[in-house]
Amino acid sequence: MITHWLLFTWFIFCIGIYGMLTRRNAVGLLVSVELMLNSGALNFVALNRFVLPNAVDGQVMAVFVIALAAAEVLLGMAILLLLFRKKSSVDVTTLQELRH
Amino acid sequence: MTNFLFWVFAILSTVFALFAVSSHHILRAVIALMGVLCVTAGMYLLLAAEFLAGAQILVYVGGIVVLLVFAVMLTRSQDLQEDHPALPRRILGAAGSIALFVLGACAILHSKSQLITSDASSQISDVQSLGHAFLDSGAKGYLLPFEVISFLLLSVLIAGIVIGRKESQP
């Protein structure tokens, strides 16, 4: 049963990786990162349940992951709005200022 | 029963996740992400983590998805509504992620999981012990990371305001 859980969370994580590789839109990238963070938190909780059923360490880690995901989305959205105000586009493939 | 619910949730979650990364319309992708997050809350309930299910609904569905919808609405432009990745990009992305999945699946299936003790029959941990773990300053407690993450959230809040405000005239 634990193998099913691990395979499932790994599959969702790989779907998130696919989104990271193919999306050009910054909001789409944020959605993919959320998928990956979510599957990571689920993996922590599943391992907690099957390895140490009497402890709560995995759940504590999942709470930290949720808090970090909220922080990441907030900063990502602030940067995105600034970007949109300056360039009126959120296509991440056109952002090449740092290269020159 | 638990097994059946796991498969239902897994299939639902996979369908929503595939839709979230492949939808051309970005608002629909965000809604599909909300579906994945709600199904994940159900999975937390399946794993007997009630507090996490509540926190998932509150923080993810109530906060993060609303923030993403705001991001879509505030930056509405032509290239934001549609996202059409080119075919080579899609093939390369699919090949890379599938290869990664096969690699990880082999690692999971071939590992000797000696730590797996029970089949999760004796579950004692509850919300009370979770709260004690957060506020325990001893060797098994998480008081310091808890404080650090509260400081991180405060600084992210300030940084979001500083980055997002309009530049004032000097």
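Helices and strands here are DSSP runs, numbered from the N terminus, with a helix (H or I) needing at least four residues and a strand (E) at least two. By that rule, chain A has 3 helices and 0 strands, and its pattern along the sequence is α-α-α. Before going on, a word on the ground rules: this is a predicted model, in which local features need pLDDT of at least 70 and side-chain atom pairs count only at pLDDT 80 or more, while totals for chains, interfaces and linings use all residues. Residues are numbered from 1 along each chain as its sequence is written, chains are lettered from A and ligands numbered from 1 in the order in which they are written, and side-chain values use heavy atoms, with hydrogens and water left out.

Let's stay with chain A for a moment. Along the principal axes, its C-alpha atoms fill a box of roughly 50 × 25 × 20 Å. Its radius of gyration is 17 Å, where a compact globule of 100 residues would have one near 13 Å; that radius is taken over C-alpha atoms, and the globule rule is 2.2 Å times the number of residues to the power 0.38. Of the 100 residues in chain A, 58% count as buried. Buried means under 20% relative accessible area, exposed means over 50%, and partly exposed is in between (1.4 Å probe, protein chains only). As for contacts (heavy atoms within 4.5 Å), take those in chain A with a separation of 6 or more: residues 24 or more positions apart account for 53% of them.

Now turn to chain B. It has 7 helices and 0 strands, so to speak a run of α-α-α-α-α-α-α from the N terminus on. Buried residues make up 34% of its 170 residues. Among its contacts between residues at least 6 apart in sequence, 50% join residues at least 24 apart.

How do the two chains meet? On the contact count, 86 residues of chain B touch 70 residues of chain A. Together the chains bury about 7200 Å², 74% of it on carbon and sulfur atoms; buried area is the accessible area (1.4 Å probe) that two parts lose on being put together, summed over both. The rule finds 0 salt bridges across this interface, a salt bridge being a side-chain nitrogen of Lys or Arg within 4 Å of a carboxyl oxygen of Asp or Glu. It does find 8 residue pairs in polar contact, both residues at pLDDT 80 or more. A polar contact is a pair of N or O atoms within 3.5 Å; within protein, one must be able to donate a hydrogen and the other to accept it, and residues adjacent in sequence count only if both atoms are side-chain atoms.

On the chain B side, the elements that give two or more residues are H1 (2-22), H2 (26-46), H3 (50-74), H4 (78-81), H5 (87-110), H6 (127-134) and H7 (143-164). H3(B) gives the most, with 12 residues. The residues on this side divide into 55 nonpolar, 21 polar and 10 charged. In that split, Ala, Val, Leu, Ile, Met, Phe, Trp, Tyr, Cys and Pro count as nonpolar, Asp, Glu, Lys and Arg as charged, and the others, Gly among them, as polar.

Two residues show the meeting of the chains close up. Val31(A), in helix H2 of chain A, counts as buried because its relative accessibility is 1%. Leaving out residues up to four places away in sequence, Val31(A) touches Ala20(B), Ala29(B), Val30(B), Leu33(B) and Leu68(B). From the other chain, Thr14(B) sits in helix H1 and is buried at 15% relative accessibility. With the same kind of neighbours set aside, Thr14(B) touches Phe8(A), Phe11(A), Ile12(A) and Ile15(A).

Further along helix H2 of chain A (residues 26-51) you reach Asn48(A), which counts as buried at 7%. Beyond its neighbours within four places in sequence, Asn48(A) is in contact with Pro53(A), Ala55(A), Val56(A), Asp57(A), Gly58(A) and Gln59(A). Phe44(A) is in helix H2 too, but at 38% relative accessibility it counts as partly exposed. Phe44(A) touches Gly58(A) and Met61(A), residues up to four places away not counted.

Finally, look at the loop between H2 and H3 of chain B, where Ala48(B) lies. Ala48(B) has a positive phi of about 60° although it is not a glycine, and at 17% relative accessibility it counts as buried.
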